[in-house]
Amino acid sequence: MATVRTSRSARWRRWGAAAGASAVLLLASGCSQQDVQEALSFNHPDPATEQAPVIAHLWYGAWVAATFVGVLTAGLILYAAFRYRRKSPDAPAPKQLRYNIPLELMYTVVPLVMILGMFYFTARDQHDLTRVSATPDNTVSVVGFRWSWAFNYTEDGVYDVGTAEVEDIPTLYLPVNESVVFELESPDVIHSFWIPAFLMKMDVFPDRLNKFEVTPNKVGEYAGRCAELCGVDHARMLFRVKVVERAEYDRHMAELREKGQVGEITTDRISRDGERYWEIDRYPEGEL
Ligand SMILES: [Cu+2]
């Protein structure tokens, strides 16, 4: 068997070609302007509700504080490592201490102050963000189930529901500049109702009603998903969100009514069918 010896330059050429190809691939897959903008805003999408900037500020604040602490800590470590390194192998070791009270007090008090600071801002914003008004403009009762979502438009008495099929994911309509309370419930396991552009998510529990209120203020189409690893088809729990003008919202409500989707998908209308799927009683007797 002949051995082929690769010359040094041939090897380098091959590495060069591989590097070039990867660079082209990276460029071709390209960062869109949106990617760049998201990276600059520490990876959150453009806020689409009145409440979202509160969350964005909390997020920025946490990054600023973490960056400050990180840079300071790394700086002190590097300073100590270089300033006090042993100059020669036979230089004496620095004085060894068993304890140092001021230092120990400092590294107890400083983290405590940091944690209290984070707690204060988080608790303050959470208090505002989870406040639900008694008379919202709209109420949507959301049922998250394995593996999709049902949206009940309480004021209009109609609903929409999806299935686990990707081409059949449901769309949640919301009128722009009107407040909406989401009432979250699950018939099976814990899910999490998440609309990334709202910068807000909340867990969906069985036997417990969770609520939050937002006012979408940007017309557009957004992605929605389950943010709690709830089982084998968790990844199929996608939905769309359309924030639209009032007239379009009313048109959509009328469409749902025409389709016979009148009433409510309650948790007990979703029953277990086999091992993996949940059957939805879409049109119960007497409602079609
Ligand atoms: Cu889920």
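**Exercise 1. Count the helices and strands in the protein chain, and say how much of the chain is buried.**

Solution. Step one: this is a predicted model, and its protein chain holds 5 helices and 12 strands. Step two: of the 288 residues in the chain, 20% are buried. Step three: look at the contacts with a separation of 6 or more; residues 24 or more positions apart account for 68% of them.

**Exercise 2. Work out whether the span of helix H3 agrees or disagrees with 1.5 Å a residue.**

Solution. Step one: H3 covers residues 52-83. Step two: its 32 residues should span 46 Å at 1.5 Å a residue, and the end C-alpha atoms are 46 Å apart, so the two values agree. Step three: try helix H5 (residues 246-258) in the same spirit; its 13 residues reach 18 Å from the first C-alpha to the last, close to the 18 Å expected. After H5 comes glycine 260, with a positive phi near 85°.

**Exercise 3. Describe how H3 lies against helix H4.**

Solution. Step one: recall that two packed helices are described by the angle and the distance between their axes. Step two: the axes of H3 and H4 (residues 101-129) come within 10 Å and cross at roughly 175°. Step three: angles over 145 degrees count as roughly antiparallel, so H3 is roughly antiparallel to H4. Step four: find the residues that make the contact. On H3 they include Val54, Ile55 and Leu58, and on H4 they include Met114, Met118 and Phe121. Step five: sort the contact residues by class, which gives 9 nonpolar, 2 polar and 2 charged. Finally, check the cover of H3: the helix is hardly covered, with a buried count of 1 among its 32 residues.

**Exercise 4. Find which strands stand at the edges of the open sheet.**

Solution. Step one: write down the order of the 5 strands, S4-S10-S9-S6-S7, with mixed pairing. Step two: S4 (171-175) and S7 (200-204) each have a single partner strand, so one side of each is left without a neighbour in the sheet. Step three: add the twist, which averages 20° from one strand to the next.

**Exercise 5. Place strand S6 among its partners and say which way its side chains point.**

Solution. Step one: S6 (residues 191-195) runs antiparallel to S9 (residues 220-226), joined by 2 bridges. Here tryptophan 194 stands opposite arginine 225. Step two: 5 bridges join S6 to S7, again antiparallel, and phenylalanine 193 faces methionine 202 across this pair. Step three: in a regular strand the side chains alternate between the two faces of the sheet. In S6, His191, Phe193 and Ile195 point one way while Ser192 and Trp194 point the other. Step four: 5 of the 5 residues of S6 are buried.

**Exercise 6. Is leucine 199 buried or exposed, and what about asparagine 177?**

Solution. Step one: leucine 199 sits in the turn of the hairpin formed by S6 and S7, which has 4 residues between the strands. Its phi is positive, near 55°, although the residue is not a glycine. Step two: leucine 199 has 23 C-beta neighbours inside 10 Å, so it counts as buried; the cut-off is 20 or more. Step three: asparagine 177 lies in the loop between S4 and strand S5 (180-185), and its phi is also positive, about 60°. With 14 C-beta neighbours inside 10 Å, asparagine 177 counts as partly exposed.

**Exercise 7. Where is tryptophan 147, and what kind of peptide bond joins it to arginine 146?**

Solution. Step one: tryptophan 147 is in the loop between strand S1 (138-145) and strand S2 (148-153). Step two: the bond between arginine 146 and tryptophan 147 is cis, with omega about 15°.

Notes: Residues numbered from 1 in each chain as written. Predicted model: local features only at pLDDT ≥ 70, side-chain atom pairs only at ≥ 80, totals over all residues. Pairing = 2+ DSSP bridges. Axes fitted to C-alpha atoms, helices over the stretch in contact; angles between N-to-C directions. Buried ≥ 20, exposed ≤ 12 C-beta atoms within 10 Å, placed from the backbone. Contact = placed C-beta atoms within 7 Å. Parallel < 35°, antiparallel > 145°, perpendicular 65-115°, else oblique. Nonpolar A, V, L, I, M, F, W, Y, C, P; charged D, E, K, R; others polar. Expected span 1.5 Å × (residues − 1).
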